[in-house]
Amino acid sequence: LHGVSLVSHKGRLYASIGHNQGAENTVTEAAQYRVSEDDGKTWGPLQVIDAGEEENLAVSHGVFLSHEGTLWAFHGAYNGFMENIHTRAYSLNEETGEWRKHGVIVENGFWAMNQPVKMDDGNWIMPGGSFGPYANEKVFPAAVAISRGDDFTKWDFVRIEPSAEITRMWGESSLIVDGPDITNIARYGGGAQALVATSEDFGRTWTESEISNLPMTTSKPAAGMLSTGQRYLVCTTADRNGGKRSPLTIAVSRPGEDKFSKVFVIRRSEHAAPGESAERLSLSYPCATEHEGKLYVGYSNNGGRKGNLNSAELAVIPLSSLEVK
């Protein structure tokens, strides 16, 4: 399993994953979820959003959005081995427990990587990347999808071009939204550093993705703006750590500032608490959502194994513990 997403909806905490019976990124993948009635302490049975009943179709991990009483899910999907990558939309009928399929909403290789964020212009913006069959020496850039108001079945695709010095990239990305000014933070590939692009017009046009001075492992990041006015980034941002996917960290700014000023460790590989522990783990593909004064962070833990044989974990962080003076 891989790609945890979290959302609080009508007093319940939902967690989704991409779950595969065979190798990662093959047609065996399905979008599944669980529900917690006690803020993540215990979880109900595994349920299905979409198992890709169409021939040669896989539906993998995605993101949630709770809006005006309706729970939405947006999941990456593809044919065969990552061919024709796109994002599909679903909405939950809570009376029947069934997910309504709204079909393909974004094409151009777009795979949603973090939840949509409402912008001041009335539209929502959802970060991801523009992907194809994985290859080490290719550039797959970051991208965003922008809704048309609150219609979550129609989105505009915007590709973020990389700078000329970037010759290898797997652009899984996240966003920090501050009025019309938006920062995209993306996974590199040619090095263990964060790639950064900015927009000043609600995500319609962008600077190029450029190599930043922030160390970050080659994994999907999760970023956003806390209710405290602090920017945050969850990934592995440990200095001189290379591509290791541990420790899992959160970088935060001071309230109202646009630069990260402190990095906290969420957890290390060896961990005397719930969850798998080993000398070296991959703690990766995080997501984050704020709820009632706490930041809920979900992520994969490979237990020291290979081949995408992950467990999923949840860290619940009081916002008060992220204060920076």
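Trainee: Which residue in the turn of the S10 and S11 hairpin has a positive phi?
Mentor: Keep in mind that this is a predicted model. Strands S10 (residues 117-118) and S11 run antiparallel, joined by two bridges. Five residues lie between them in the hairpin. The turn residue with a positive phi, about 95°, is Gly122.

Trainee: Which residue of S11 does Lys118 stand opposite?
Mentor: Lys118 falls within S10, residues 117-118. S10 pairs with S11 in the antiparallel sense. Opposite Lys118 in S11 stands Trp124.

Trainee: Which residues form a cluster with Trp124 through ring pairs?
Mentor: Aromatic pairs number 15 in the whole structure. Ring pairs put Trp124 in a cluster with four partners: Trp72, Phe74, Phe152 and Trp155.

Trainee: How many residues of strand S11 are buried?
Mentor: S11 covers residues 124-130. The strand is largely enclosed by the rest of the structure, because its buried residues number seven of the seven.

Trainee: What is the bridge partner of Gly129 in S13?
Mentor: S11 pairs with strand S13 (residues 142-148). The pairing is antiparallel and runs over five bridges. In S13, Gly129 is matched with Ala142.

Trainee: What is the bridge partner of Phe110 in S11?
Mentor: Phe110 lies in strand S9, residues 110-112. S9 and S11 run antiparallel, and three bridges join them. The partner of Phe110 is Ser130.

Trainee: Phe110 and Phe157 form an aromatic pair; what is the angle between the planes?
Mentor: The ring centres are 6.3 Å apart. The planes count as edge-to-face when they are over 60 degrees apart. This pair is edge-to-face, with an angle of 80°.

Trainee: How many residues apart in sequence are the parts that this pair ties together?
Mentor: Phe110 is buried, at 0% relative accessibility. Phe157 is partly exposed, at 24%. Phe110 sits in S9 and Phe157 in strand S14 (residues 151-159), so the separation in sequence of the parts tied together is 47 residues.

Trainee: Why does the count of disulfides come to zero?
Mentor: A disulfide needs two cysteine sulfurs within 2.5 Å. The sulfur of Cys235 has its closest cysteine sulfur in Cys287, 13 Å away, which is too far for a bond. Cys287 likewise has its closest cysteine sulfur in Cys235, also too far. The count is therefore zero, since the distance is 13 Å.

Trainee: Is Cys287 buried or exposed?
Mentor: The cut-off for buried is under 20% relative accessible area. Cys235 has 1% and is buried. Cys287 has 5%, so Cys287 counts as buried.

Trainee: Which strands stand at the edges of the open sheet with the order S20-S21-S22-S23?
Mentor: The sheet has four strands with antiparallel pairing. An edge strand here has a single partner, so one side is left without a neighbour in the sheet. The two edge strands are S20 (222-225) and S23 (260-267).

Trainee: What is the bridge partner of Ala223 in S21?
Mentor: S20 pairs with strand S21 (residues 231-235). The sense is antiparallel, over four bridges. Ala223 is matched with Leu233.

Trainee: Which residue has its backbone nitrogen 2.8 Å from a polar atom of the Asn302 side chain?
Mentor: Asn302 sits in the loop between strands S25 (294-301) and S26 (311-318). Asn302 is buried, at 13% relative accessibility. Residues that Asn302 touches include Leu281, Leu309 and Asn310. The backbone nitrogen at 2.8 Å belongs to Ser282.

Definitions and conventions
Residues are numbered from 1 along each chain as its sequence is written. This is a predicted model: local features need pLDDT of at least 70, side-chain atom pairs count only at pLDDT 80 or more; totals for chains, interfaces and linings use all residues. Side-chain values use heavy atoms; hydrogens and water are left out. Buried means under 20% relative accessible area, exposed over 50%, partly exposed in between (1.4 Å probe, protein chains only). A polar contact is a pair of N or O atoms within 3.5 Å; within protein, one must be able to donate a hydrogen and the other to accept it, and residues adjacent in sequence count only if both atoms are side-chain atoms. Contact means heavy atoms within 4.5 Å. Two strands pair if DSSP finds at least two bridges between them. Rings of Phe, Tyr and Trp (its six-membered ring) pair if their centres lie within 6.5 Å; planes under 30 degrees apart count as stacked, over 60 as edge-to-face and the rest as tilted. Lists of a residue's contacts leave out its neighbours within four places in sequence.
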